[in-house]
Amino acid sequence: MFFNGGMMATYLLIRQLNLLNSRLVFILPFCLNVYNLIIVRSFFENSVPEDMWDAARIDGCNHFRYFSGIVLPLSKPVISVVTLYYLVAHWNDFFTGMMYTRYTQIQPLQNILRSILLENQVSSMGSGQSFFRIAYQQQLKYAVIIVSALPLLIIYPFIQKYFEKGVMIGAIKG
């Protein structure tokens, strides 16, 4: 479905599947995004010519061999873009950990960083704020920003050469 049933329906479904407080709650319910599926499908329809399938069939290829030997090597741009979309979405997702897990052992990094910031903010509310305390809070915020953004900044240059070509797949061509 392109639209989900909302927060309550998703929670009831995850509870009924016994995925609460497990690591699978981060993978299974959100492993397929319909938007990304539409992007990949339109790429396969528009970029892989039908004549390739005819030529591969004449050479004796079955569907699996055609897909793994011809279509996948041609679709590196769209695979890299969709992988980057999934990576960024799952890396920044703190809501799933907040809603569906109660144990701190399986909380994602974003929830831990969020709790560090909230604990620091709450602990300083009652006391008078000195210059050093304010500077410490600012440094902690900046450190959390670096920790949360650095892995994506490291991975992006390796995918960047495919990114422009892959993003333009769904664009209007004239």
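**Close-up 1. Helix 6 and helix 7 (109-123) each put at least two residues into the wall of the second largest pocket.** This is a predicted model, and the pocket in this view holds about 170 Å³ of space. Its lining is made up of Gly 97, Met 98, Thr 101, Arg 102, Thr 104, Gln 107, Asn 111, Ile 112, Arg 114 and Ser 115. Helix 7 hands over the largest share of that lining, with four residues. Sort the lining by class and you get two nonpolar, six polar and two charged residues.

**Close-up 2. Here is the largest pocket, with about 990 Å³ of space inside.** There are 33 residues around this one, and those closest to the pocket centre are Asn 4, Pro 29, Phe 30, Cys 31 and Leu 32. As for the elements, helix 1 (7-16), helix 2 (34-47), helix 5 (76-92) and helix 6 (95-100) are the ones that give two or more residues to the lining. By class, the lining of the largest pocket splits into 24 nonpolar, eight polar and one charged.

**Close-up 3. Helix 2 meets helix 5, with the two axes coming within 10 Å.** A pair like this is summed up by the angle between the axes and the distance between them. The axes of helix 2 and helix 5 cross at roughly 175°; with angles over 145 degrees counting as roughly antiparallel, helix 2 and helix 5 are therefore roughly antiparallel to each other. On the helix 2 side, look for Asn 36, Ile 39, Val 40 and Phe 43; helix 5 answers with Val 78, Val 82, Tyr 85 and Tyr 86. The tally for this contact is seven nonpolar residues, one polar and no charged ones.

**Close-up 4. Helix 3 (residues 50-58) packs on helix 4 (residues 63-74).** The angle is about 135° and the axes sit 10 Å apart, so helix 3 and helix 4 count as oblique to each other. What is the handedness of the crossing where helix 3 passes helix 4? The crossing is right-handed. Zoom in on the contact and you'll find Met 52, Trp 53 and Ala 56 from helix 3 up against His 63, Tyr 66, Ile 70 and Leu 74 from helix 4. Class by class, that contact has six nonpolar residues and one polar, with no charged residues.

Terms used: Residues numbered from 1 in each chain as written. Predicted model: local features only at pLDDT ≥ 70, side-chain atom pairs only at ≥ 80, totals over all residues. Heavy atoms only, no water. Axes fitted to C-alpha atoms, helices over the stretch in contact; angles between N-to-C directions. Parallel < 35°, antiparallel > 145°, perpendicular 65-115°, else oblique. Left-handed = near helix turned anticlockwise from the far one by under 90°. Contact = heavy atoms within 4.5 Å. Nonpolar A, V, L, I, M, F, W, Y, C, P; charged D, E, K, R; others polar. 1 Å grid on protein atoms, 1.4 Å probe; cavity = no way out; pocket = protein on both sides within 12 Å on 5 of 7 lines; lining within 4 Å. Points joined across faces, edges and corners; volume = space filled by probe spheres on them.
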